[in-house]
Amino acid sequence: AGSAHSYPSACRCGSLTSSIKPRAGTSRREFLFTVGAAALAGCAPSGKLPLPPGELLGMSHALGHRLRDGGFPAPSETRKTGVVIVGAGISGLAAAWKLAKAGVDDFLVLDAESQFGGNSRAGQSPLVAYPWGAHYLPLPTRESTAVRELLAELGVLHGDPAAAKPVYDERYLCATPQERVYRHGLWEEGLLPHRGVDAGEREQQRRFQERMEELKETRGRDNRRAFAIPMELSSRDPEWRALDRIPFSRWLTDNGFTAPSLHWLANYATRDDYGMAYDQTSAWAGLHYFACRTGEAANAASDAVLTAPDGNAWLARGLARQAAGRILTDALAWRIEEGKSSVAVDVLQGAKTTRIEARQVIWAAPAFVLPRIWLAMPGELKHAALAGDYAPWLTANLHLADFPEERHGAPPAWDNVFYDSPGLGYVLATHQLIRRRLPGTVFTYYRALHDVTPAEGRRLLLETPREAWAEGILGELERVHPDIRKLTTRLDIFRNGHAMRRPVPGSLFDGQREKLVNFRHPRIALAHADLSGFSLFEEAQYRGVVAAERVLQMRFRSPESKFRQA
């Protein structure tokens, strides 16, 4: 969610609202239930308007629990196809996109959810579309060849996709102002606060920015960029990979960066991209956030991003065009069995199981699910799949009858970040429609539950009532927009308990992730951003394309593709 550098910052205050404080000795969980009970009883905090209507949405945890508990019906029919792709997020859609472009059309894409797109899904109101997750794409780097090819195919990148500075469709370049941060009662343009910062801190800010620019050009002894995207193309130099063993917060202090605003920015960055605090994040991953983006445009600044009212859903739809008619939603793959000449995938659709026999399977769902479905999964691979943990995430969409009252400072932007608040802030769904006078707007609010353990965060998402979340979000936003409650006509909340794999120190280059990357099987290929160790559009697309290439190699003995070459 948050910044122009990545997907969705949280506060030091420890409460969900500014107006309701937990009692001394009350746990965060008890506090949430206290707020929820009051809301369920129809008792908004004193003097507050009633909560707006809305729904509590999210990834289907019931299906996940069904996988855990078992008890599926035996297959009642059998279908045959060439390739089954399990998972219709970006990696699964990218695999389908690559297969179709290579002339392969005998494939099916399965997804347990009712809508394809994974973390790039979107909603639609009578006024405007809006994101439920990922909401922008930075200008693609020279290494991101598959991203550039897709953008050219969609007519968003004009001319040669390999150009150093392509021309991009103005309708998708984020309108200005792009971002602002709310701090000490005022809005400031950009993300790094400057108002009220002394000369010593400003000097550290300047030095940090210079260092990040240097790292963008730094190469290892293998002549690869130290921090590339896709991350697989980064330097394998042990000197740089050693940064994975320490937290990002330590790297900052070890390098003399002690300024509070820089530590806030680093913490914001890791919560934004990885759903976790910077003292829990691999320093390599933290630096990758700042140093991997080197894309440029002929008609935009290098820090520009590509976006649309519905976030990244337009990219998911663009990939899905190649799979038209071959995407099955509400289709839960619950068993994979190898045969002599095929792989059987048992799929629950409604109350019945269909067996799909395929020559090959591409697993494009989260890695931790696969051991429950492929019972014959090799032990070392199973251990690697279960080695990671996932960040819990909360998104809310507030439908507003009009734009709310503004505080002083920088004008409204597309990305509106909070410096000292539980949430990351919000993006404005109507920002790209700035030339149209609309009667309202939609704020998409993001929050990473980084301040509790991932398991506790998932329990909170599962057990906390919508009213508790809604009350907390409105209380937080009222500090910035005092009249937002009376303007909110609807407030829907989306929960994602396993939003993204967490790049904790030691997780990227300890060997477990690489086991997933290097796995070879004649009939099963792996594809998901989990193979990168963190979730970005470029990583998910890359992993899907590489998996499809491996299937094509097995089928046609095709040569190594350009997408995997540094």
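Threonine 354 sits in strand E15, which covers residues 352-363. This is a predicted model, and in it threonine 354 is tucked away: its relative accessible area is 1%, which puts it among the buried residues. Leaving aside residues up to four places away in sequence, threonine 354 touches Glu77, Arg79, Val345, Asp346, Val347 and Gln349. There is also a long hop along the chain here, since threonine 354 and proline 73 are 281 residues apart in sequence, yet their C-alpha atoms are 9.5 Å apart in space.

Now to the sheet. Eight strands make up an open sheet with mixed pairing, and the order runs E1-E20-E16-E19-E18-E17-E9-E10. The edges belong to strand E1 (56-58) and to E10; each has a single partner strand, so each keeps one side without a neighbour in the sheet. From one strand to the next, the twist averages 25°.

At the E10 end, strand E9 (residues 179-183) runs antiparallel to strand E10 (residues 186-189), and four bridges join the two. Within this pair, valine 181 stands opposite glutamate 188 of E10. E9 and E10 form a hairpin with two residues between the strands, and there histidine 184 adopts a positive phi near 55°. E9 also pairs with strand E17 (residues 415-418), this time in the parallel sense and over four bridges. In that pairing, glutamate 179 faces aspartate 415 of E17.

Two helices pack on this sheet. Helix H8 (residues 260-274) touches E9, strand E16 (390-400), E17, strand E19 (441-448) and strand E20 (488-501), and its direction makes about 120° with that of E17. Helix H14 (residues 466-478) is the other one, with contacts to E1, E16, E17, strand E18 (425-428), E19 and E20; the angle between its direction and that of E20 is about 105°.

What about E19 itself, and how many of its residues are buried? Eight of its eight residues are, so the strand is largely enclosed by the rest of the structure. Side chains in a regular strand alternate between the two faces of the sheet. For E19, both faces are covered: Thr441, Phe443, Tyr445 and Arg447 are buried on one side, and Val442, Thr444, Tyr446 and Ala448 are buried on the other. Eight bridges pair E16 with E19 in the antiparallel sense, while E18 and E19, also running antiparallel, are joined by four bridges. Tyrosine 445 of E19 turns up in both pairings, as the bridge partner of alanine 396 and as the bridge partner of tyrosine 426.

Away from the sheet, helix H4 (residues 145-153) packs against helix H17 (residues 537-556). Two packed helices are described by the angle between their axes and the distance between the axes. For H4 and H17 the angle is about 95° and the axes are 9 Å apart, which makes the two helices roughly perpendicular. H4 brings Ala146, Val147 and Leu150 to the contact, and H17 brings Phe537, Glu538, Gln541 and Val545. Sorted by class, the contact of H4 with H17 has five nonpolar residues, one polar and one charged.

Helix H10 (residues 313-320) is another element that is largely enclosed by the rest of the structure, because seven of its eight residues are buried. The buried residues in H10 are Ala313, Trp314, Leu315, Ala316, Gly318, Leu319 and Ala320.

A charged residue is worth a look too. Arginine 513 belongs to helix H16 (residues 512-518), and at 3% relative accessibility it counts as buried. Not counting residues up to four places away in sequence, arginine 513 touches Met231, Glu232, Ser507, Leu508, Asp530, Leu531, Ser532, Gly533 and Arg543.

Finally, the cysteines. The structure holds zero disulfides. Cysteine 174 is buried, with a relative accessible area of 9%, and cysteine 292 is buried as well, at 1% relative accessibility.

Methods:
Residues are numbered from 1 along each chain as its sequence is written. This is a predicted model: local features need pLDDT of at least 70, side-chain atom pairs count only at pLDDT 80 or more; totals for chains, interfaces and linings use all residues. Side-chain values use heavy atoms; hydrogens and water are left out. Two strands pair if DSSP finds at least two bridges between them. Axes are lines fitted to C-alpha atoms, for helices over the stretch in contact, and angles run from 0 to 180 degrees between N-to-C directions. Contact means heavy atoms within 4.5 Å. A disulfide is a pair of cysteine sulfur atoms within 2.5 Å. Buried means under 20% relative accessible area, exposed over 50%, partly exposed in between (1.4 Å probe, protein chains only). Angles under 35 degrees count as roughly parallel, over 145 as roughly antiparallel, 65 to 115 as roughly perpendicular and the rest as oblique. Ala, Val, Leu, Ile, Met, Phe, Trp, Tyr, Cys and Pro count as nonpolar, Asp, Glu, Lys and Arg as charged, and the others, Gly among them, as polar.
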